[in-house]
Amino acid sequence: MTVAIATGIPDPRFQLVETEAHADDFARDVREGLTAPRKWLPPRWFYDALGSALFDAICFLPEYYVMRAEAEVLTAHGDEIVDAFGANVRLVELGSGAARKTRLLLDRLTERQAEVEYVPVDVDPQMLERSGRELLNDYANLRVLAVRADFTRPSVALTAAKTDGLRARRSRTVVLFLGSTIGNLDPEGAVAMLRDLREGLASGDALFLGADLRKSRDVLEPAYDDPLGVTAAFNLNLLARINRELGGTFALDAFRHRAFYDETHGRIEMHLASRCAQRVRIDALDLEIAFDDGETIHTESSYKHDDATLASLAEASGFTIEKTWRDSRAWFADVLMIAR
Ligand code: SAH
Ligand code: AVI
């Protein structure tokens, strides 16, 4: 069920719709993850208002090349990319966040089309509000239908975008999934998500997927363990969020950020490691969790791709790769895939 919620933006070109009850999901995931034999938490919960701001700061770190590498691709090849999208497209963006790089595409699309319909999909409603407002200020012929939804079920977000008004007129839908956010899903999860997306699209619609590529550990590890400690703060904010929203008693200085590259699986793993044996209470869950000294909570994986993994992802989920663009160092790829 979708519900339109108040936006505070008195602009007929903006609408925000909700797709589910998120508060209960957080409690459920925390209980499930922290009572598992190997503790874990899903990375979607990083992104409350503070977490989104910390991710934004990560993008400015000299070590976190991901944002700049993709911006280079979109800047250098933007015209060709938008040509390949075709005429009169509707743009959907999964995990849109601040939508900064999206502007590199919107700059071109709003020049070419009389009107552009943009459907950002994210779990953070404040980010959807803010980025929507900023985009509308800058593009007179843009309409924004923001959807607060979990992108692991994109068909739900696509349905919300259809039933709530801004339905595209006979245009192709192009779904952006930028920033290598696909890498935060394990390979089975990524295929399941892209299959669900394919279900929600028509044949001939397109996916424009950003993927971080495999590279040296010397480049990868500092990108996820920066000397300023911004990524550590981003990671630890998950415990702070449990304290804030679920009455947790985590002492943040009793946990340490850890990030390392697992070459066998081609992924960065981020963990929060307990600095001592300790017990932590979470009041809202009526739960007490025991940690051994050094025991970790696995909070995120960030899979790195190559041509073979991207080809099998496309093949397994019903898409055909049309074209791939890379940055000058071949650290990042953006891939246009067409729904078969
Ligand atoms: N696309 C932007 C932001 C990437 S950060 C970029 O390339 O820089 C990841 C974004 O995905 C955040 O805005 C976060 O709020 C959102 N996100 C994370 N998990 C999500 C989920 N399961 N469903 C919807 N949005 C999610
Ligand atoms: C959003 N996502 C692609 C980021 C990444 O690189 O995996 C999240 C992140 N985690 C730590 N730094 C950035």
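At what angle do helix α3 (residues 66-85) and helix α4 (residues 102-112) pack, and how far apart are their axes? In this predicted model, the two helices pack at an angle of about 30 degrees, with axes 8 Å apart. Local features need pLDDT of at least 70 and side-chain atom pairs count only at pLDDT 80 or more, while totals for chains, interfaces and linings use all residues. Residues are numbered from 1 along each chain as its sequence is written, chains are lettered from A and ligands numbered from 1 in the order in which they are written, and side-chain values use heavy atoms, with hydrogens and water left out.

**Helix packing**

- The angle of about 30 degrees makes α3 roughly parallel to α4 (under 35 degrees is roughly parallel, over 145 roughly antiparallel, 65 to 115 roughly perpendicular and the rest oblique), and their crossing is right-handed.
- Helix α7 (residues 187-200) packs against helix α10 (residues 307-317) at about 45 degrees, again with a distance of 8 Å between the axes.
- That angle makes α7 oblique to α10, and α7 passes α10 in a right-handed crossing (the near helix is turned clockwise from the far one by less than a right angle).
- Axes here are lines fitted to C-alpha atoms, for helices over the stretch in contact, and angles run from 0 to 180 degrees between N-to-C directions.
- Helices (H or I, at least four residues) and strands (E, at least two) are DSSP runs, numbered from the N terminus.

**Around ligand 1**

- Of the 16 residues around ligand 1 (each with a heavy atom within 4 Å of it), those that come nearest are Gly95, Lys101, Asp122, Asp150 and Phe151.
- The side chain of lysine 101 places an N or O atom 2.7 Å from an oxygen atom of ligand 1, and a polar side-chain atom of aspartate 150 lies 2.9 Å from a nitrogen atom of the ligand.
- On its own, ligand 1 has 570 Å² of accessible area (Shrake-Rupley method, 1.4 Å probe), of which the protein covers 92%.
- The shell around ligand 1 divides into 6 nonpolar, 5 polar and 5 charged residues.

**Around ligand 2**

- Ligand 2 has 14 residues around it, of which Tyr64, Asn184, Tyr224, Glu300 and Ser302 come nearest.
- Oxygen atoms of ligand 2 lie 2.9 Å from a side-chain N or O atom of asparagine 184, 2.5 Å from one of tyrosine 224 and 2.7 Å from one of serine 302.
- The protein covers 98% of the 330 Å² of accessible area that ligand 2 has on its own.
- Two or more residues of the shell around ligand 2 come from each of α2 (49-58), α9 (230-246) and β12 (296-303).

Technical notes. A polar contact is a pair of N or O atoms within 3.5 Å; within protein, one must be able to donate a hydrogen and the other to accept it, and residues adjacent in sequence count only if both atoms are side-chain atoms. Ala, Val, Leu, Ile, Met, Phe, Trp, Tyr, Cys and Pro count as nonpolar, Asp, Glu, Lys and Arg as charged, and the others, Gly among them, as polar.
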